[in-house]
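Biologist: Could you teach me how to read salt bridges in a model? I would like the general idea before the case itself.

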Amino acid sequence: MPAVEIRKQISIFVPITDWKAIRLEAARRGIPMTELCRQWMHPGLDRLRRTQASGERAA
């Protein structure tokens with residue numbers, strides 16, 4: 001059975017107008033707001049992981 005990585009929740013504060021825009025975009029796509037935020041974060045997290053991995057190899 002594959003190991004499942006433990007998950008942690010994060011919270012951010014955004015202006016109500018931004019929150020409404022995110023909510024409307026998630027509704028337009030038919031996905032939860034959380035999933036929309038995950039999709040938006042994915043490219044940045046990939047870069048961060050690559051940067052960290054290359055730094056660990058150099059150390």
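Modeller: Let us go through the salt bridges of this model and the exposure of their residues. This is a predicted model, where local features need pLDDT of at least 70, side-chain atom pairs count only at pLDDT 80 or more, and totals for chains, interfaces and linings use all residues. Residues are numbered from 1 along each chain as its sequence is written, and side-chain values use heavy atoms, with hydrogens and water left out.

Biologist: What is a salt bridge, and how many does the structure hold?

Modeller: A salt bridge is a side-chain nitrogen of Lys or Arg within 4 Å of a carboxyl oxygen of Asp or Glu. The structure holds four.

Biologist: Which residues are linked in a network of salt bridges?

Modeller: Glu25, Arg28 and Arg29 are. Glu25 meets Arg28 at 2.6 Å, N to O, and meets Arg29 at 2.7 Å, N to O. Glu25 and Arg28 sit three residues apart in helix α1 (residues 16-29), about one turn of the helix. A helix here is a DSSP run (H or I, at least four residues), numbered from the N terminus.

Biologist: Is Glu25 buried or exposed?

Modeller: Buried means under 20% relative accessible area, exposed over 50%, and partly exposed in between (1.4 Å probe, protein chains only). Glu25 counts as buried because its relative accessibility is 19%. Arg28 has 61%, so Arg28 is exposed, while Arg29 is partly exposed at 38%.

Biologist: Which residue forms a salt bridge with Arg38?

Modeller: That partner is Glu35, with the closest N and O atoms 3.3 Å apart. Both lie in helix α2, three residues apart.

Terms used
Helices (H or I, at least four residues) and strands (E, at least two) are DSSP runs, numbered from the N terminus.
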